[in-house]
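This briefing covers the nonpolar core, the sheet and one helix of a predicted model. The core comes first.

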Amino acid sequence: MENAKENIEELQSMGVENNNIRQLLTGKEITYTGNLYDRERRKSYPVKNVKIDIAKSRNGITTIWMNDTHFKTFFRELWNKLQKVLGLDIGKGLHI
């Protein structure tokens, strides 16, 4: 795995425990329940039964997949869902 270090750092920043990261690096899939932290939005999301694995993307680089979706897309969808639930206008942002 050519970019294992980046995947390990990303998983650690999300809050995934080291024993789960070891399983992922050996090619096993895990089911995760708990909080996942999104560094891009600096937000933690409670999740339940999220399937996490490391596999090759279309460009051939190994990356993190959550519920068969690229992890950045997965977090973007969670963020959009949260904004919708809170009734925030996504196009205008949050004004306090």
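The largest nonpolar core (buried Ala, Val, Leu, Ile, Met, Phe, Trp, Tyr and Cys residues joined through side-chain atoms within 4.5 Å) has 19 residues. Leu11, Met14, Leu36, Ile52, Met66 and Phe75 have the most contacts inside this core. At least two core residues come from each of H1, helix H2 (18–25), S1, S2, S3 and H3, and S2 gives the most, with 5 residues. Helices (H or I, at least four residues) and strands (E, at least two) are DSSP runs, numbered from the N terminus.

The model is predicted: local features need pLDDT of at least 70, side-chain atom pairs count only at pLDDT 80 or more, and totals for chains, interfaces and linings use all residues. Residues are numbered from 1 along each chain as its sequence is written, and side-chain values use heavy atoms, with hydrogens and water left out.

**Sheet**

- An open sheet of 4 strands has the order S1-S2-S3-S4, with antiparallel pairing (two strands pair if DSSP finds at least two bridges between them).
- S1 and S4 are the edge strands, each pairing on one side only.
- S1 and S2 are antiparallel over 8 bridges, and Asn35 has Pro46 in S2 as its bridge partner.
- The antiparallel strands S2 and S3 are joined by 5 bridges; the bridge partner of Ala55 in S3 is Thr63.
- Between S3 and S4, also antiparallel, there are 2 bridges, and Met66 has Thr69 in S4 as its bridge partner.

**Hairpins**

- The hairpin of S1 and S2 has 4 residues between the strands, and Arg42 there takes a positive phi near 50 degrees.
- The hairpin of S2 and S3 has 5 residues between its strands, with Gly60 in the turn at a positive phi of about 90 degrees.

**Helix H3**

- Helix H3 (residues 71–86) has 16 residues and should span 22 Å at 1.5 Å a residue (the expected span is 1.5 Å times one less than the number of residues); its end C-alpha atoms are 23 Å apart, which agrees.
- Phe71, Phe74, Phe75, Leu78 and Gln83 are the buried residues of H3 (buried means under 20% relative accessible area, exposed over 50%, partly exposed in between, with a 1.4 Å probe and protein chains only).
- These buried residues pack against helix H1 (4–14) and strands S1 (30–38), S2 (43–56), S3 (62–66) and S4 (69–70).
- Leaving aside neighbours within four places in sequence, Phe75 is in contact (heavy atoms within 4.5 Å) with Met14, Leu36, Tyr37, Asp38, Arg41, Tyr45 and Met66.
- Gly87, just after H3, takes a positive phi of about 75 degrees.
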